[in-house]
Amino acid sequence: MDLNALSPYIRIAMYSSLPENWVLSKRVIYDYELIYVQSGSCIITVNDVEYLCDANKVVFLRPGIPHSFQVCDLMQFSQPHIHFDAIYNDNSTITPISFKDRPQMTEQEVKLISHDFFSDIPIPVVFEPEDPKEFKRCFFELINVYKSDSSDTIRLKSLMLEIIRLIINQFTLKDSMSYSRQSRKLLAVKEFVDSNHMRDLSLDEIASFFSFNKFSLIRAFKKEFGETVISYYNSKRSETACSLLLDTALSIKEISDLLGFSDEYTFSRFFKNKNGISPSLYRAAKKIVSDQRDD
């Protein structure tokens, strides 16, 4: 990858919101797409792997990689996004946004799929920016510039290059202060759990997905992050359950289903083991505290 060759072209940059349960069928895109999740959540499937995308997460979609997504039924999904080429080429200004899967494309359309310039960089499908304030500033400034004057090429390139710089710095080995290969692999495990904690996930599945021996994964993850991968997974599920109990009117059963538990009883037992109180009592107790503050 020759970074000197970088010359991004912004194909589209816009604010966008999608209704509850909206579905995007499987497709491949010709270029890159970056999505910043402002609110709501969705499940995005990339190469048959599901990822949870919720507020303040960034979605990175590569050219030619099949993906689909479905908006969760909690609220409207706000997803400002940018389509861009990493390197400007003769087709950049005339290539449309694709909504087709590869088998549905003509031979000419397939030729429009860009080479993955960032193929050497292990950028996750879903991630949280290392510098969220600066990333968000650049991302939304780029959209605003595009909306006001899409012909301001130099400004748009400058902002896109800054966004790319932030991403590359986050996921590229730097010096002795940066992650080792093992640490980077464990970070990828952690991000996978972050994106998939709202479904039933086993240690065997995680270990297999990352080609880890499960006992080695237990030891390595605990050494890196201070707890086992399953303990981390359960903590994420508990945090999300608490948030759903406080911030939504979903029933206990609906929350149980959303988090992939087999039944309401299993969810309630899990929640009580983690928090020392049942979900219904937790919701009621927090409501009382909130009401007292309002008074």
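## Sheet and helix H6 at a glance

Five bridges join strand S5 to strand S8, and the two run antiparallel. That pairing sits inside an open sheet of four strands, ordered S3-S8-S5-S6. Keep in mind that this is a predicted model. Below, we go through the sheet strand by strand and then turn to helix H6.

**How the sheet is put together**

- The pairing in this four-stranded sheet is antiparallel.
- Strand S3 (23–27) and strand S6 (49–53) are the edge strands, each pairing on one side only.
- From one strand to the next, the twist averages 15°.

**Strand S8 and its partners**

- Is strand S8 (residues 67–71) enclosed or open to the outside? Four of its five residues are buried, so S8 is largely enclosed by the rest of the structure.
- On the S3 side, three bridges join S3 to S8, again running antiparallel.
- Within that pairing, Arg 27 has His 67 in S8 as its bridge partner.
- His 67 also turns up in the link to S5, where Val 46 stands opposite His 67.

**Strand S5 and the S6 edge**

- Strand S5 (residues 42–46) is joined to S6 by five bridges, and these two strands run antiparallel.
- If you want a pair to look for in the viewer, take Thr 45, whose bridge partner in S6 is Glu 50.

**Helix H6: length and ends**

- Helix H6 (residues 214–225) has twelve residues, which at 1.5 Å a residue should span 16 Å. The C-alpha atoms at its ends are 16 Å apart, so the expected span and the model agree.
- What caps the N-terminal end of H6? Asn 213 does the job, with a side-chain oxygen 2.8 Å from the backbone nitrogen of Phe 215.
- At the other end, just after H6, Gly 226 takes a positive phi of about 85°.

**Helix H6: two sides**

- The buried residues of H6 are Leu 217, Ala 220 and Phe 221.
- Looking down the axis of H6, you'll find its buried residues within an arc of 100°, so they line one face of the helix.
- Those buried residues pack against three helices: H4 (181–196), H5 (203–209) and H7 (229–247).
- Flip to the other side of H6 and you get Arg 219 and Lys 223, both exposed.

Technical notes
Residues numbered from 1 in each chain as written. Predicted model: local features only at pLDDT ≥ 70, side-chain atom pairs only at ≥ 80, totals over all residues. Heavy atoms only, no water. Pairing = 2+ DSSP bridges. Axes fitted to C-alpha atoms, helices over the stretch in contact; angles between N-to-C directions. Expected span 1.5 Å × (residues − 1). Buried < 20%, exposed > 50% of the residue type's maximum accessible area, 1.4 Å probe, protein only. Arc of directions from axis to C-beta. Contact = heavy atoms within 4.5 Å. Polar contact = N/O pair within 3.5 Å; in protein donor to acceptor, adjacent residues only side chain to side chain.
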